Amino acid sequence: MSKSKKYIAYAGTYTLGNSTGIHNFDVDVAAGRIIPKCETPIDNPSYIAVSYNGQFLYSISDDGVHAYKITNNGDLEYINSSTIKGMRGCHISINKANTHLFVSGYHDGKITVMSINEDGSIGYMTDEVYHKGMGSIADRNFRPHISCSALTPDEEILCVCDLGIDQVKLYQFNAELGKIKLVDVIRTQLESAPRQILFSADGRFAYVVCELKNVINVYSYNKDSKTRFELVQTIFTIRSERKKANTAAACITFSPDGEFLLCSNAGDNSVTIYKVNKETGMLLLRSSLPVSGDYPKDIVFFPDGKHFVSLNHEANTITTFTINYERALIVMNGPILKIDKPNNLVFVALQHGN
């Protein structure tokens with residue numbers, strides 16, 4: 001008889017206060033709790049990502065990118081680090097074969113491609129592209145700011161969200177050489193600031209959350225069509241009567257079964273729950289509720305989908321909620337965790353847990 005899976009969670013932070021690096025948590029999935037375990041020292045690990053096989057963790061740092069091996073008990077064992085030869089990144093994504101990682105540069109508008117060796121260590125830079133152009137809002141998106149990069153499910157196209165110039169640039173990805181080539185552009189609404197792109201599990205739909213317009217653009221995706229992407233819906237992330245001047249859509253994530261999508265809203269400090277129509281890809285807004293914390297930078301489901309965490313960047317807290325899908329309600333679950341400048345979080349199944 002197989003044992004149930006055991007999980008650990010890691011939170012990336014800014015080390016501006018008491019935080020010293022990546023926070024490790026033990027996980028009680030059934031209870032919907034994360035329990036502080038230890039910290040892995042590193043300067044400003046503001047974004048972390050885990051390889052598809054669950055064996056390696058990669059982190060942004062002040063001097064580039066760090067690689068770690070995830071041990072059987074969930075500790076992080078340092079492997080190596082590499083410079084990206086530019087300003088510090090803000091987001092990392094990885095291909096399924098764990099041969100390349102993509103670093104998004106908010107400050108310098110650069111997308112960097114790095115090779116990954118068989119032992120999980122970071123290799124050399126295989127490509128780098130600086131975005132050019134100007135946006136329309138002088139205090140925020142007046143120049144390129146790359147916030148997210150993600151491969152299409154077929155891994156042929158790298159989609160790069162640039163909230164500074166209201167574009168999602170589409171690059172053909174050559175996995176053999178680690179090179180990218182611009183092939184098309186999705187132009188979002190003026191002054192919308194596309195922040196993050198997410199694909200449905202079946203690969204038929206893409207969801208782009210736009211920070212400043214507080215909308216989610218839903219696209220159908222067909223690799224065999226000329227344009228690949230076709231806009232099918234635009235829906236607000238908050239109710240119009242609740243929109244404030246400082247409200248910014250922050251993060252979108254799917255429930256593990258793909259039936260629901262959640263969006264966090266900074267300023268409004270809420271999470272919006274949508275029902276997903278898997279046939280059309282379109283979203284139906286069910287509710288928008290407070291997360292009891294300032295600036296929910298990231299929201300992440302527990303592996304069983306019954307609970308989620310909100311990382312409240314400006315409140316220096318992590319709050320946990322139980323979710324009732326039928327009623328579209330959330331209830332706080334357990335005490336508030338204090339953590340300086342939490343930025344993102346990942347759950348990982350430990351290798352010896354099966």
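**Exercise 1. Place Y295 in this predicted model, and state which residues distant in sequence are in contact with Y295.**

Solution. Begin with the secondary structure: Y295 sits in the loop that runs between β23 (283-290) and β24 (296-301). Next take the accessibility, which at a relative accessible area of 22% makes Y295 partly exposed, because buried would require a value under 20%. Finally, once neighbours within four places in sequence are set aside, the contacts of Y295 are R195, A266, N269, L311, N312, H313 and E314. One of these residues, R195, returns in Exercise 3, and L311 returns in Exercise 4.

**Exercise 2. Determine whether T272 is buried or exposed, and identify the polar partners of its side chain.**

Solution. T272 belongs to strand β22 (residues 270-276), and with a relative accessible area of 0% it is buried. A polar atom of the T272 side chain lies 2.5 Å from the backbone oxygen of T237, while a polar contact of 3.0 Å joins the side chain of T272 to that of S288. Both T237 and S288 also appear in the list of residues in contact with T272 beyond four places in sequence, which further includes I238, L261, L262 and C263.

**Exercise 3. Describe where the partners of the salt bridges R228–E156 and R195–E211 lie, and how accessible they are.**

Solution. The count of salt bridges comes to 11. In one of them, the side chains of R228 and E156 meet at 3.0 Å, N to O; this pair links distant parts of the chain, with R228 in the loop between β18 and β19 (229-236), E156 in the loop between β12 and β13, and their positions 72 residues apart in sequence. R228 is buried at a relative accessible area of 18%, whereas E156, at 29%, counts as partly exposed. The two residues are also linked with D154 and K223 in a network of salt bridges.

The side chains of R195 and E211 meet in a salt bridge of 2.5 Å, N to O, which joins strand β16 to the loop between β17 and β18 across 16 residues of sequence. Here R195 and E211 are both buried.

**Exercise 4. Which members of the largest nonpolar core touch the most other members, and which elements give two or more residues to this core?**

Solution. Among the 17 residues of this core, C159, V168, L170, I197, F199 and F229 touch the most other members. The elements that give two or more residues are β12 (146-151), β13 (157-162), β14 (167-174), β16 (194-199), β17 (205-210) and β18 (215-221). Another core, of 16 residues, lies apart from this one and includes F25, F302, L311 and L345.

Definitions and conventions:
Residues numbered from 1 in each chain as written. Predicted model: local features only at pLDDT ≥ 70, side-chain atom pairs only at ≥ 80, totals over all residues. Heavy atoms only, no water. Helix = DSSP H or I, 4+ residues; strand = E, 2+ residues; numbered from the N terminus. Buried < 20%, exposed > 50% of the residue type's maximum accessible area, 1.4 Å probe, protein only. Contact = heavy atoms within 4.5 Å. Core = buried A, V, L, I, M, F, W, Y, C linked by side-chain atoms within 4.5 Å. Polar contact = N/O pair within 3.5 Å; in protein donor to acceptor, adjacent residues only side chain to side chain. Salt bridge = Lys/Arg side-chain N within 4 Å of Asp/Glu carboxyl O.
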